[in-house]
Amino acid sequence: MEERVSISISEGVADVRLVRADKMNALDQAMFEALVAATERLSKEKGVRVVVLSGEGRAFCAGLDMGRFAAMKEKGGNGIPGGENRDLTKRTHGQANFAQQAVWGWRQLPVPVIAAVHGVAFGGGFQLSLGADMRFLSADARMSIMEIKWGLVPDMAGTPILASLVRDDILRDLTYTGRIFSAQEAMSYGLATRICDDPRAAALEVAREIAGKSPDAIRAAKRLLNNLSVDPGPALLAESVEQQKLIGSANQTEAVRSNLEKRAAKFAD
């Protein structure tokens with residue numbers, strides 16, 4: 001886990017960092033495994049009252065590793081985390097599958113999580129930030145629901161979380177176009193909690209403030225706030241069903257090929 005995610009704990013605050021800086025913290029198999037392992041560890045770690053999630057280097061998380069898209073270039077290759085023929089509809093972690101748990105696990109933690117986002121948070125990296133209770137962004141941060149670029153849909157628990165944050169038509173715009181949007185736009189959409197000069201420093205400061213409150217009350221508050229959401233189970237399963245139908249299809253393969261070959265796509269109706 002340490003090669004992808006580091007955890008240091010001090011005075012009730014868990015400082016969690018994605019440490020694959022040379023690849024802009026892109027999501028490969030080892031990163032998925034490390035994220036899931038981190039949430040499992042923190043859920044049992046005594047004394048943790050708040051978590052700050054951030055990325056080292058130039059970005060929070062650039063999304064799915066390009067090697068996975070290269071695997072998708074050939075028809076039948078899917079690049080699915082956990083194995084080439086993994087059944088996405090199989091629930092491995094309660095209501096979630098393995099890839100979803102890399103995001104949903106942060107939402108399930110009994111303590112607040114603050115994501116400190118700088119650089120880019122694209123695709124799966126954007127969905128990772130959604131697992132947090134709050135998102136502190138640098139002024140130059142950029143985000144995108146980028147899955148449509150690769151002929152896919154968001155399938156890492158993003159849709160049930162986004163439905164509680166963003167106006168319906170804005171969510172459709174961002175999902176259908178995959179366009180990159182700024183920190184200022186994220187704030188106006190309800191996707192950013194604060195814009196900060198140094199989001200990690202600001203997140204750690206707020207985390208220390210929260211850690212000074214009654215841990216029983218904070219945990220009770222998170223349980224109450226999580227219960228405000230509708231049952232995520234159907235949405236999580238729907239993500240998996242739709243994604244599984246898309247992966248390896250002719251048009252999805254063409255989306256990947258055209259992007260990697262830097263040409264206009266030729267889709268079949």
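Let us start in the middle of this predicted model. Its largest nonpolar core holds 54 residues, and the members that touch the most others are Val16, Leu35, Leu42, Val51, Trp106, Phe126 and Leu191. Helix H1, which covers residues 29–44, gives the most to this core, with seven residues. Look at Leu35 for an example of how such a residue is surrounded. Setting aside residues up to four places away in sequence, Leu35 touches Val5, Leu18, Leu27, Ala102, Trp106 and Leu128. Apart from the largest core lies another one, of 14 residues, and among its members are Val52, Ala116, Ala203 and Ile210.

Now find the strands. Six of them form an open sheet, and if you walk across it you meet them in the order E1-E2-E3-E4-E6-E9, with mixed pairing. What stands at the edges of the sheet? Strand E1 (5–10) and strand E9 (194–196) stand there; each has a single partner strand, so one side of each is left without a neighbour in the sheet. On average, and ignoring direction, neighbouring strands of this sheet are turned by 20° against each other. For a look at one pair, take strand E2 (residues 13–18) and strand E3 (residues 50–55): they run parallel and are joined by six bridges. One residue to pick out here is Leu18, whose bridge partner in E3 is Gly55. Helix H1 lies across E1, E2 and E3, and runs at about 20° to E1.

Just before E1 in the chain, you can find Arg4. Is Arg4 buried or exposed? Its relative accessibility is 17%, and because buried means under 20%, Arg4 counts as buried. Leaving aside neighbours within four places in sequence, Arg4 is in contact with Arg17, Leu18, Val19, Arg20, Asp28, Ala30, Met31 and Ala34. You have already met Leu18, the bridge partner of Gly55.

Next, turn to helix H3, made of residues 98–108. This helix is mostly covered, since 10 of its 11 residues are buried. The buried ones are Phe98, Ala99, Gln100, Gln101, Ala102, Val103, Trp104, Gly105, Trp106 and Arg107. Two residues on that list, Ala102 and Trp106, are also touched by Leu35. At the N-terminal end of H3, Asn97 acts as a cap: one of its side-chain oxygens lies 3.2 Å from the backbone nitrogen of Ala99.

Within H3, pause at Gln100. With a relative accessibility of 0%, Gln100 counts as buried. What does Gln100 touch, not counting residues up to four places away in sequence? The answer is Arg91, Gln95, Gly105, Asp155, Met156, Ala157, Leu236, Glu239 and Ser240.

One of those contacts, Asp155, leads us to the loop between E7 and H5. Asp155 is buried too, with a relative accessible area of 12%. Not counting residues up to four places away in sequence, Asp155 touches Leu88, Gln100, Gln127, Glu239 and Gln243. With Gln243 there is a polar contact between the two side chains, at 3.2 Å. Both Gln100 and Asp155 touch Glu239.

The loop between strand E7 (142–144) and helix H5 (158–162) also holds Leu152, which is buried with a relative accessible area of 7%. Here you can compare position along the chain with position in space. Leu152 and Ile247 are 95 residues apart in sequence, and their C-alpha atoms are 7.2 Å apart in space. Asp155 and Ala265 are 110 residues apart in sequence, and for this pair the C-alpha to C-alpha distance is 23 Å.

Finally, look for the cysteines. How many disulfides does the structure hold? It holds zero. Cys61 is in no disulfide, and the nearest cysteine sulfur, in Cys196, is 19 Å away. Why is there no bond for Cys196? Its closest cysteine sulfur, in Cys61, lies 19 Å away, which is too far for a bond; a disulfide needs the two sulfur atoms within 2.5 Å. As for their surroundings, Cys61 counts as buried at 0% relative accessibility, and Cys196 is buried as well, with a relative accessible area of 11%.

Technical notes: Residues numbered from 1 in each chain as written. Predicted model: local features only at pLDDT ≥ 70, side-chain atom pairs only at ≥ 80, totals over all residues. Heavy atoms only, no water. Helix = DSSP H or I, 4+ residues; strand = E, 2+ residues; numbered from the N terminus. Buried < 20%, exposed > 50% of the residue type's maximum accessible area, 1.4 Å probe, protein only. Contact = heavy atoms within 4.5 Å. Core = buried A, V, L, I, M, F, W, Y, C linked by side-chain atoms within 4.5 Å. Pairing = 2+ DSSP bridges. Axes fitted to C-alpha atoms, helices over the stretch in contact; angles between N-to-C directions. Polar contact = N/O pair within 3.5 Å; in protein donor to acceptor, adjacent residues only side chain to side chain.
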